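Welcome! Here are a few short exercises to work through with the model open beside you. Try each task before you read its solution.

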Amino acid sequence: MITLSLIGIGTGNLDHVTLAAVRALNSADLILLPRKGEAKSDLIDLRRLLCERLLEEPVTTKIVEFDLPSRDGRNDYLGAVDDWHAAIANVWAQLIDEHLPDGGRVGMLVWGDPSLYDSSLRITQRLGAAGKQVDVEVVPGITSLQVLTAEHKIPLNALAEPVQITTGRRLRERGWPSDAATVAVMLDSGGAFTSMPQDDTYIWWGAYLGMDKQCLIKGWLSEVNDQIIQRRAELRDTHGWIMDIYLLARKPLL
């Protein structure tokens, strides 16, 4: 039997890793670390650092790095993601068979939390559907949304009002959600907020949250829209990748 621990590691900041995550890391027989190419080497470097700092001596856990399959950029987004998840599940299965043929505990370090816009649980389900006996353990982590509100020193919602969490793609396609006073936007390829009314929409934006290169901007879209677009492009050019998230509201939350 394989026990697969999906370990939320927050933003990669050591201070954001929970005690439960540390225990799960140290109970693993095998930790799998995905490589996402040279442009995103920071991501695996942070995972390596977490293992180096948090695994207790003497380290008996085996750490195996692997190249994450690439997602097809075709227009059929859901179909491309489905095929991508299948490819990742196949890699996981091969590595588990190779390194834990008699069973054991596998740790996967998941950015943020495994439940919020992350597909590790869906990929894990594919292992079970393929006939591999897997007992899943989920260790929650601090999310970028939590860090965003903490760093901007705001609550997530207006008093007694609902919040909707969505993606940049959905915001572009459907506009402002009808029942939401506040909208949290994740997985934006860039600038979906430009489709919102500029004069009466307030934004709290953050990139690389929790990291030493963290960047924050807030204000009415009419005043900071161009600044965010320009700064985002500069950061992406400098680091080769970017992770950002933002909160939108019709008025300041405080």
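**Exercise 1. Is Trp204 buried or exposed, and what is its relative accessibility?**

Before solving, a word on the ground rules. This is a predicted model, where local features need pLDDT of at least 70 and side-chain atom pairs count only at pLDDT 80 or more, while totals for chains, interfaces and linings use all residues. Residues are numbered from 1 along each chain as its sequence is written, and side-chain values use heavy atoms, with hydrogens and water left out.

Solution. Step one: recall that buried means under 20% relative accessible area, exposed over 50%, and partly exposed in between (1.4 Å probe, protein chains only). Step two: Trp204 has 3% relative accessibility, so it counts as buried.

**Exercise 2. Find the ring pairs that link Tyr202, Trp204 and Trp220 into a cluster.**

Solution. Step one: rings of Phe, Tyr and Trp (its six-membered ring) pair if their centres lie within 6.5 Å; planes under 30 degrees apart are stacked, over 60 edge-to-face, and the rest tilted. The structure holds four aromatic pairs. Step two: one of them joins Tyr202 and Trp204, a tilted pair with 4.7 Å from centre to centre and 50° between the planes. Step three: Tyr202 and Trp220 have ring centres 5.1 Å apart and planes at 85°, so this pair is edge-to-face. Tyr202 belongs to strand β8 (residues 202-207) and Trp220 to strand β9 (residues 215-220), so the pair ties together parts 18 residues apart in sequence. Strands here are DSSP runs (E, at least two residues), numbered from the N terminus. Step four: add accessibility. Tyr202 counts as buried at 14%, and Trp220 is partly exposed at 25%.

**Exercise 3. Work out the strand order of the open sheet of five strands.**

Solution. Step one: two strands pair if DSSP finds at least two bridges between them. Step two: the order is β3-β2-β4-β1-β5, with parallel pairing. Step three: β3 (62-67) and β5 (134-139) each have a single partner strand, so one side of each lacks a neighbour in the sheet. Step four: look at one pairing. Strands β1 (residues 2-8) and β4 (residues 104-110) run parallel and are joined by seven bridges; Ile7, for instance, has Leu109 in β4 as its bridge partner.

**Exercise 4. How many nonpolar, polar and charged residues line the second largest pocket?**

Solution. Step one: list the lining, which includes Thr11, Asn13, Asp42, Leu46, Met211 and Lys213. A pocket is an open set of points on a 1 Å grid over the protein atoms alone, where a 1.4 Å probe fits, with protein on both sides within 12 Å along at least five of seven lines; lining residues have an atom within 4 Å of a point. Step two: sort by class, with Ala, Val, Leu, Ile, Met, Phe, Trp, Tyr, Cys and Pro as nonpolar, Asp, Glu, Lys and Arg as charged, and the others, Gly among them, as polar. The result is four nonpolar, four polar and three charged residues.

Terms used: Helices (H or I, at least four residues) and strands (E, at least two) are DSSP runs, numbered from the N terminus.
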